[in-house]
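Biologist: I am new to this structure and would love a close look at a single part of the picture: the side chains and how they meet one another. Could you walk me through it slowly?

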Amino acid sequence: MFEKKELENKIHFALQDVVKKIYADNNSSLPITNQIQKVSDNYYIVNVNDVFENNVLEHYLKTEFSKVKLEQDFEYAIYNCGTDDMMYGNYISSSGEAEKKCVDCFTKDSDLIYYFAIRFPHLKQNLFKSLNQYWIFTFVLFLVLIIYVYSVFLLLKQKRYTELQTDFINNMTHEFKTPLSSILIASNFANSQKEIKENAKLSKYVQIIIEQSNKLNQHIEQILSLARTDSHQIHLQKTEVDLFKNLELIIENLKLKHTKNFDFTIDNSTKIIINADEFHFYNLLYNLVDNAIKYGIENPKVDIKVVETNSHYIIQLNDNGPGIPEKDLPFIFDKFYRVSRKDTEEIEGFGIGLAYVKKICELHHWKIKVKNTDNGLQTDIEIPKK
């Protein structure tokens with residue numbers, strides 16, 4: 001509708017200016033009455049009420065239509081009062097191509113003497129084309145709006161699921177930790193009793209209960225840590241952390257945890273201070289070294305060295321394990337993704353340890369990369385200097 005109204009205004013103003021110029025050439029005063037009559041959407045009659053020449057009219061029509069940028073084909077005819085007939089003028093094409101003329105399209109008006117008629121043969125067709133374009137734009141806009149609303153709906157739904165998942169994990173771990181604490185207290189008390197100590201078999205069973213309870217407690221802590229990272233509840237408290245002091249502490253704790261022998265070497269013992277959250281930095285290294293021992297061969301070996309550049313420290317952890325299949329490498333940091341082992345059909349763990357490591361690296365704005373080597377697996381952590 002707006003396109004049609006704008007086009008009608010252009011035609012009306014252009015024809016009005018044509019009449020003004022004809023009256024100016026004849027030194028006549030312009031009548032006040034409306035001289036432009038719209039017969040149909042593409043047909044107009046203009047009452048000049050004064051003499052005018054055919055070539056002058058055509059020149060003015062071209063000039064005024066060009067001024068208002070009316071790019072439409074048109075043809076005109078002039079009424080001859082001597083012959084009482086419409087004398088065909090000319091067909092003017094906006095593209096410059098020859099078009100078929102329509103002399104019979106012009107009809108006489110018995111009430112007028114000096115007038116001309118003008119017709120726009122392709123006006124309706126062009127309007128329909130414009131309307132089609134508007135319909136296309138409207139459809140695209142409507143489609144974009146649907147996609148936007150659907151995306152917002154999905155985001156809200158995902159947020160709700162995330163909140164439900166976090167609440168479930170928090171409630172589940174709480175329900176697990178309460179009886180687990182009771183089991184550990186009772187087991188430690190039982191293990192200290194004289195009757196248990198003197199009975200080797202009972203002492204062994206109680207020790208198994210304590211070890212497995214501690215293992216379960218560790219898994220629960222990992223789940224809680226990952227849930228906190230997903231809900232953005234972790235607030236890093238960065239301090240100056242001694243890298244090798246933390247590594248020595250990790251070695252001591254892992255020796256108490258693992259029964260199988262493992263070798264642990266540090267190639268560079270120079271004191272290196274890193275700006276990090278000490279608690280999460282310790283957990284990060286602990287997870288990586290623990291995995292290297294847990295999933296390694298019979299006599300695992302872990303070698304750590306630090307490569308120093310002008311702007312970064314690169315901590316490299318190398319093990320002598322079987323490595324990770326190439327198809328699994330891109331996904332090892334995904335939450336709950338677990339790699340199957342060749343020596344067993346079981347898939348160990350929950351798949352959250354490396355996800356936690358990746359999240360802590362991201363929170364510190366560090367980069368972590370893992371690749372297979374000829375001797376095992378290499379993990380690089382790139383840490384900016386202060």
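Modeller: Happy to! Let me begin with a term: a charge is said to sit over a ring if NZ of Lys or CZ of Arg is within 6 Å of the ring centre and within 35 degrees of the ring normal. Please keep in mind throughout that this is a predicted model.

With that term in hand, look at Lys358. Its charged end sits over the ring of Phe333, at 5.6 Å from the centre of that ring. A second case involves Lys385, which lies over the face of Tyr313, and here the distance to the ring centre is 5.3 Å.

Now for rings that meet other rings. The count of aromatic pairs is 9. One of them joins Phe65 and Phe74: their ring centres are 5.0 Å apart and their planes stand at 85°, so this pair is edge-to-face. Are these two residues buried or exposed? Phe65 counts as buried, at 3% relative accessibility, and Phe74 is buried too, with a relative accessible area of 4%. Phe74 also pairs with Phe120; those ring centres lie 6.5 Å apart with planes at 55°, so this pair is tilted. It links distant parts of the chain, since Phe74 belongs to strand β3 (residues 74–80) while Phe120 is in the loop between β5 (115–119) and α3, 46 residues apart. Phe120 is buried, and its relative accessible area is 0%. Step back and you can see a cluster, in which ring pairs link Tyr44, Phe65, Phe74 and Phe120.

Next come the salt bridges, and 8 of them are counted. Start with Lys38 and Glu8, whose closest N and O atoms are 2.4 Å apart. This bridge also joins distant parts of the chain: Lys38 sits in strand β1 and Glu8 in helix α1, 30 residues apart. Lys38 counts as partly exposed, at 40% relative accessibility.

Helix α1 takes part in another bridge, this time with helix α2. Glu64 and Lys21 form a salt bridge in which the closest N and O atoms are 2.7 Å apart. Glu64 lies in helix α2 and Lys21 in helix α1, so the pair ties together parts that are 43 residues apart in sequence. The two ends have their own surroundings: Glu64 is buried, with a relative accessible area of 3%, whereas Lys21 counts as partly exposed at 26%. Lys67 joins in as well, because Lys21, Glu64 and Lys67 are linked in a network of salt bridges.

Let us stay with helix α2 (residues 54–67), where Glu58 is found. Which residue meets Glu58 in a salt bridge? That partner is Lys62, with a distance of 3.4 Å from N to O. Lys62 and Glu58 are 4 residues apart in helix α2, so about one helical turn separates them. Lys62 is partly exposed, with a relative accessible area of 40%. Glu58 has a value of 15%, so it counts as buried, a word used for residues under 20%. Apart from its neighbours within four places in sequence, Glu58 is in contact with Tyr76, Asn90 and Ile92.

For a contrast, turn to some nonpolar side chains on the surface. Ile136, Phe137, Phe139, Val140, Leu143, Val144 and Ile147 form a nonpolar patch there, and together they have about 700 Å² of accessible area. One of these residues, Ile147, lies in helix α3 (residues 123–191) and is partly exposed, with a relative accessible area of 46%.

Two loop residues round off the tour, this time for their backbone. Asn27 has a phi near 55°, which is a positive value in a residue other than glycine. Asn27 is located in the loop between α1 (2–25) and β1 (36–40), and it is exposed, with a relative accessible area of 72%. His365 has a positive phi too, near 65°, and is likewise a residue other than glycine. You will find His365 in the loop between α8 (353–364) and β11 (367–372), where it counts as exposed at 64% relative accessibility.

Note on methods
Residues numbered from 1 in each chain as written. Predicted model: local features only at pLDDT ≥ 70, side-chain atom pairs only at ≥ 80, totals over all residues. Heavy atoms only, no water. Patch = residues over 30% accessible without salt bridge, like charges linked within 9 Å, V, L, I, M, F, W, Y side chains within 5 Å. Areas by Shrake-Rupley, 256 points an atom, 1.4 Å probe, with all protein chains shown as cover. Salt bridge = Lys/Arg side-chain N within 4 Å of Asp/Glu carboxyl O. Buried < 20%, exposed > 50% of the residue type's maximum accessible area, 1.4 Å probe, protein only. Phe/Tyr/Trp six-rings, centres within 6.5 Å; stacked < 30°, edge-to-face > 60°. Contact = heavy atoms within 4.5 Å.
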